[in-house]
Structures are given as C-alpha cells and as structure tokens.
Amino acid sequence: MKYYLLILLVFPLIVGGLELRVIIKNRRRAHEKRKNARHFQHFKETTSPFGVRKIKVVCQDETFLKELVCAAFDIEWESLQREKLTDDTFLFNLPMDMPYPDFCQAIQFMRDSSLAEKKSRHCIVTGWYSIGSAELDKEEAPFSHSILMMTVPEWDEECYVFMVTKDNVCYRHEMTDWGTLYELSDVNLPYIGL
C-alpha cells in the first residue's frame with residue numbers, strides 16, 4: 001500500500017478534529033461568560049437627549065483611518081468634526097441626533113474591520129454617549145441620564161461592544177441594536193472620561 005494515500009486520508013481527520021476542539025472551546029468560553037453575567041433581555045433608551053456623541057480612535061495608518069471612519073458613519077471626511085490629539089489619535093464629534101444603536105454599530109464596525117487588517121492598521125476605539133432615560137427589563141436603568149463609555153476591548157476576539165458607566169459597572173451587548181444586555185461581574189474595564 002502506498003503510504004502517501006494513507007496520509008491523504010488521515011490528514012483531513014486530524015484537521016477536522018482540531019476544528020471541532022476549537023468550536024467546543026469557544027462555546028465553553030461563551031457559556032462561562034454568560035454564567036458570570038446578569039442578563040437583561042430588554043434594553044432601550046426611551047428618550048434621547050442631545051449631548052455627547054464622541055469617538056476617540058487610535059490608529060497608526062491615517063489613510064486607512066479616513067476610509068474606516070467614512071465607511072462607519074457614512075459621512076465625508078471633510079464634513080466630520082474632528083480634532084487631532086496626537087500623531088495617531090483623533091477625537092470625532094458626531095451628529096447629536098445619532099441614535100444609540102447606530103453609535104454602537106459604528107464602534108463595532110471600526111474595531112472589527114481593523115482587526116481584519118494587518119497589525120499596523122489595528123485601531124483602538126473608545127466612544128462616549130449621553131444616554132437619556134433608559135430601561136432594563138421595563139424598569140429605569142441605573143445609568144439613565146449619564147455619559148456612557150463604549151469600547152470593544154482589544155482582548156475580545158468576538159468584537160462585542162462593552163458599555164461602562166461612571167461608577168465602573170460594565171455591560172456587554174450581545175447585539176449592538178436594542179436587545180440583549182449583560183451586566184458583567186468578572187470584567188474590569190475602567191471608565192475613562194473625556
């Protein structure tokens with residue numbers, strides 16, 4: 001029997017077994033995250049104030065940053081209110097009427113898109129959003145009428161948006177639209193002010 005045929009038969013089985021192991025590991029990790037989180041199914045902002053809508057982006061490739069920001073917000077670069085803080089850090093003032101779900105989706109899009117790029121194009125994205133009256137499971141949320149910090153941590157491979165309140169309570173969005181929100185007790189993301 002020719003040994004190279006045996007190798008061709010065994011190799012796909014080994015690769016398939018490794019892929020199955022990764023899938024099981026990821027599901028186990030997701031289950032642990034959910035177990036350590038307080039789950040809020042219904043999260044919604046009931047009144048939206050005009051206030052802070054800012055995003056700070058740290059990115060070493062300015063050309064890539066321009067393309068990324070324009071795609072995330074569907075706004076021309078020239079019409080964006082921005083301030084260059086350092087060589088690789090920009091602060092963007094976004095339209096005051098931008099709804100919360102759109103704000104979160106833009107942060108997630110920017111972080112996820114930059115992860116797909118080469119290392120020099122990775123972006124660190126932090127946002128601040130003034131939330132109005134908000135509900136968690138049809139009761140007023142403890143973070144109503146405050147400025148929330150929004151980010152996708154560098155260590156989160158799934159690119160979930162994390163929301164941090166001024167008193168350092170951390171929440172994770174399962175979706176960036178209104179819906180599932182988890183209060184996390186095992187994550188230490190500090191609130192960073194503007």
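The paragraphs below follow one run of strands and then turn to the largest pocket, all in a model that is predicted.

A convenient place to begin is strand β11, which covers residues 170-173. In a regular strand the side chains alternate between the two faces of the sheet. In β11, Cys170 and Arg172 point one way while Tyr171 and His173 point the other way, and all of these residues are buried, which here means under 20% relative accessible area.

On one side of the sequence, β11 is preceded by strand β10, made up of residues 162-164, and the two strands pair in the antiparallel sense over three bridges. Within this pairing, Met163 stands opposite Tyr171 of β11, the residue whose side chain points the other way from those of Cys170 and Arg172. The hairpin of β10 and β11 has five residues between the strands, and Asn168 in this hairpin takes a positive phi near 65 degrees.

β11 also pairs with strand β12, residues 181-184, again in the antiparallel sense, and this pairing runs over four bridges. Here Cys170 has Leu184 of β12 as its bridge partner.

The largest pocket has a volume of about 220 Å³, and its lining is made up of 13 residues, with Ile124, Thr126, Thr151, Leu189 and Ile192 lying nearest its centre. Strands β3 (53-59), β6 (123-131) and β9 (146-151) each supply at least two residues of this lining. Sorted by class, the lining has nine nonpolar residues, together with two polar and two charged ones.

Terms used:
Residues numbered from 1 in each chain as written. Predicted model: local features only at pLDDT ≥ 70, side-chain atom pairs only at ≥ 80, totals over all residues. Heavy atoms only, no water. Buried < 20%, exposed > 50% of the residue type's maximum accessible area, 1.4 Å probe, protein only. Pairing = 2+ DSSP bridges. 1 Å grid on protein atoms, 1.4 Å probe; cavity = no way out; pocket = protein on both sides within 12 Å on 5 of 7 lines; lining within 4 Å. Points joined across faces, edges and corners; volume = space filled by probe spheres on them. Nonpolar A, V, L, I, M, F, W, Y, C, P; charged D, E, K, R; others polar.
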